[in-house]
Amino acid sequence: EDKKDTLKFFKYRRKQLDIYRENNDTAKIVSSFLDLGFYYSLIGNFPKTLEYYQDALFTSKEVHYKKGIANCFFQLGVMCMNQGDTALALENYQKSLVIYYELKATNLIPDALTKMGDLYGKEHKIAKALECYNKAISLFEKEKLTNWVRNEYCFIGNMYLDNDDFKNA
């Protein structure tokens with residue numbers, strides 16, 4: 001049943017993509033590429049994931065769609081992180097973060113900061129990790145998003161646990 005649903009998803013998402021292309025709707029084309037890439041990553045087909053993410057990035061760059069470019073770098077960061085390439089993941093998150101700041105995308109900046117904090121924590125760079133998490137907390141507090149603030153503190157606690165610092169966790 002799951003395989004049938006997955007095949008249906010790909011079939012309908014590709015039909016949507018064709019419609020978006022006919023209408024030259026860049027934002028939706030990029031979103032479709034990213035969605036397709038994400039679902040390929042869920043089934044473990046990373047070459048296909050990368051192909052769709054690169055299509056999204058190329059399409060975004062072609063028309064200077066900055067939010068799309070940033071989202072592509074972010075998703076590439078997730079993919080690299082999942083594959084264990086922390087250096088490349090960090091590079092992609094940093095690229096997305098620069099653009100998110102440029103766009104003043106306060107709803108997206110904390111996501112990139114949190115992912116960067118996670119990576120720094122895995123590399124035992126506690127001060128860098130805390131810097132990222134605390135910046136995210138500050139943005140969430142400014143927007144009065146208390147649930148997200150709470151989540152960041154959980155990420156900090158987990159980071160300390162992963163680094164065997166039980167007292168701070």
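## Where two helices meet

Let's start right at a contact between two helices: from α7, the residues Ile126, Ala129, Leu130, Tyr133, Asn134, Ala136, Ile137, Phe140 and Glu141 meet Trp148, Val149, Glu152, Tyr153, Phe155, Ile156, Met159 and Tyr160 of α8. Sorted by class, this contact of α7 with α8 holds 14 nonpolar residues, 1 polar residue and 2 charged ones. Keep in mind as you look around that this is a predicted model.

How do the two helices lie against each other? Two packed helices are described by the angle between their axes and by the distance between those axes. Here, α7 covers residues 126–142 and α8 covers residues 146–162; they pack at an angle of about 170°, and their axes are 9 Å apart. Angles over 145 degrees count as roughly antiparallel, so that is the label for α7 and α8.

Now step back and take in the whole chain. The protein chain has 8 helices and 0 strands, and reading along the sequence gives the pattern α-α-α-α-α-α-α-α. Along its principal axes, the C-alpha trace spans about 55 × 35 × 30 Å. The chain has 169 residues, and 40% of them count as buried. Its accessible surface comes to about 10,100 Å², with 53% of that belonging to carbon and sulfur atoms. And what about contacts between parts of the chain that lie apart in sequence? Taking the contacts with a separation of 6 or more, 43% are accounted for by residues 24 or more positions apart.

Back to the end of the chain we started with, and to the loops there. Between α7 and α8 there is a loop, and lysine 144 is found in it. Most residues other than glycine have a negative phi. Lysine 144 goes the other way: its phi is near 60°, a positive value in a residue other than glycine. With 69% relative accessibility, lysine 144 counts as exposed.

Another loop lies between α6 (109–122) and α7, and that is the place of histidine 124. Phi of histidine 124 is near 65°, again a positive value in a residue that isn't glycine. Histidine 124 is exposed, with a relative accessible area of 57%.

Histidine 124 also turns up in the surroundings of another residue. Which residues does asparagine 163 touch, not counting those up to four places away in sequence? They are Gly121, His124 and Ile126. Asparagine 163 sits in the segment after α8. Is asparagine 163 buried or exposed? The cut-off for buried is under 20% relative accessible area, and asparagine 163 comes in at 19%, so it counts as buried. Ile126, one of the residues it touches, is also among the α7 residues that meet α8.

Next, the cysteines. How many disulfides does a search of the whole structure find? The count is 0. Cysteine 132 is in no disulfide, and the nearest cysteine sulfur, that of cysteine 80, is 17 Å away. Cysteine 132 is buried, at a relative accessible area of 7%. For cysteine 154, the closest cysteine sulfur is the one in cysteine 132, and at 18 Å that is too far for a bond. Cysteine 154 is partly exposed, with a relative accessible area of 44%.

Now move to the earlier part of the chain. Helix α2 takes in residues 26–42, and aspartate 35 is found there. Aspartate 35 is partly exposed, at 27% relative accessible area. If you leave aside its neighbours within four places in sequence, aspartate 35 is in contact with Phe9 and Arg13. Glutamine 75 is 40 residues from aspartate 35 in sequence, and 9.9 Å from it in space, C-alpha to C-alpha.

Phenylalanine 38 is found in α2 as well, and at 37% relative accessibility it counts as partly exposed. Phenylalanine 38 and threonine 59 are 21 residues apart in sequence, and their C-alpha atoms are 17 Å apart in space.

One last stop is helix α3, which covers residues 46–62 and includes aspartate 55. At 31% relative accessibility, aspartate 55 counts as partly exposed. Its C-alpha atom is separated by 11 Å from that of glycine 68, which is 13 residues away along the chain.

Note on methods:
Residues are numbered from 1 along each chain as its sequence is written. This is a predicted model: local features need pLDDT of at least 70, side-chain atom pairs count only at pLDDT 80 or more; totals for chains, interfaces and linings use all residues. Side-chain values use heavy atoms; hydrogens and water are left out. Axes are lines fitted to C-alpha atoms, for helices over the stretch in contact, and angles run from 0 to 180 degrees between N-to-C directions. Helices (H or I, at least four residues) and strands (E, at least two) are DSSP runs, numbered from the N terminus. Angles under 35 degrees count as roughly parallel, over 145 as roughly antiparallel, 65 to 115 as roughly perpendicular and the rest as oblique. Contact means heavy atoms within 4.5 Å. Ala, Val, Leu, Ile, Met, Phe, Trp, Tyr, Cys and Pro count as nonpolar, Asp, Glu, Lys and Arg as charged, and the others, Gly among them, as polar. A disulfide is a pair of cysteine sulfur atoms within 2.5 Å. Buried means under 20% relative accessible area, exposed over 50%, partly exposed in between (1.4 Å probe, protein chains only). Accessible areas come from the Shrake-Rupley method with a 1.4 Å probe; for residues, only the protein chains shown count as cover.
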